[in-house]
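Open the model in your viewer and keep the sequence panel visible. The stops below are meant to be selected in order.

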Amino acid sequence: MNTLNLEIVSFVETQILPRYAAFGKSHGIAHVQRVIANSIELARIVGADVNMAYVIAAYHDLGMSGERAIHHIIGGKILFTDARLKKWFSPERLTIMREAIEDHRASA
């Protein structure tokens, strides 16, 4: 069954999501929570890995801590270099996840 790993959820909720408080209303906590919900729903519909979708969604705008124009690139680097994620994801999966974040910009 394609269910969320509760250890990953706990990690994301305590270590990642609070960082969105600094990004203002347009990219704040409500935004990332909507993106997460939509991503999980879509992953379940298409049969994708919900844990990958969850983490990608949670990290997707962390690059807003830097220059907005390249936040997608920064966000991908933040995910890829977060050694804590190696506990749950292989290097190959982390590469896919980084690329998903880098490609997420609506204007790209």
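The tour goes from one helix to its packing partner and then to a loop residue.

This is a predicted model, in which local features need pLDDT of at least 70 and side-chain atom pairs count only at pLDDT 80 or more, while totals for chains, interfaces and linings use all residues. Residues are numbered from 1 along each chain as its sequence is written, and side-chain values use heavy atoms, with hydrogens and water left out.

**Helix α3.** Select residues 50-59, which form α3; helices here are DSSP runs of H or I, at least four residues, numbered from the N terminus. Of its 10 residues, 10 are buried, so α3 is largely enclosed by the rest of the structure. Buried means under 20% relative accessible area (1.4 Å probe, protein chains only). The cover includes α1 (6-16), α2 (29-46), α4 (71-81) and α5.

**The N-terminal end.** Add aspartate 49, which caps α3 there: a side-chain oxygen lies 2.8 Å from the backbone nitrogen of asparagine 51.

**Helix α5.** Now show residues 91-102, helix α5, which packs on α3 at an angle of about 45° with the axes 10 Å apart. Met52, Val55, Ile56 and Tyr59 of α3 meet Arg93, Ile96, Met97, Ala100 and Ile101 of α5, contact being heavy atoms within 4.5 Å.

**Aspartate 61.** Move to the loop between α3 and α4 and select aspartate 61. Aspartate 61 is buried, with a relative accessible area of 2%. Display its contacts beyond four places in sequence: Tyr20, Phe23, His27, His31, His71 and His104.

Methods
Axes fitted to C-alpha atoms, helices over the stretch in contact; angles between N-to-C directions. Helix = DSSP H or I, 4+ residues; strand = E, 2+ residues; numbered from the N terminus. Buried < 20%, exposed > 50% of the residue type's maximum accessible area, 1.4 Å probe, protein only. Polar contact = N/O pair within 3.5 Å; in protein donor to acceptor, adjacent residues only side chain to side chain.
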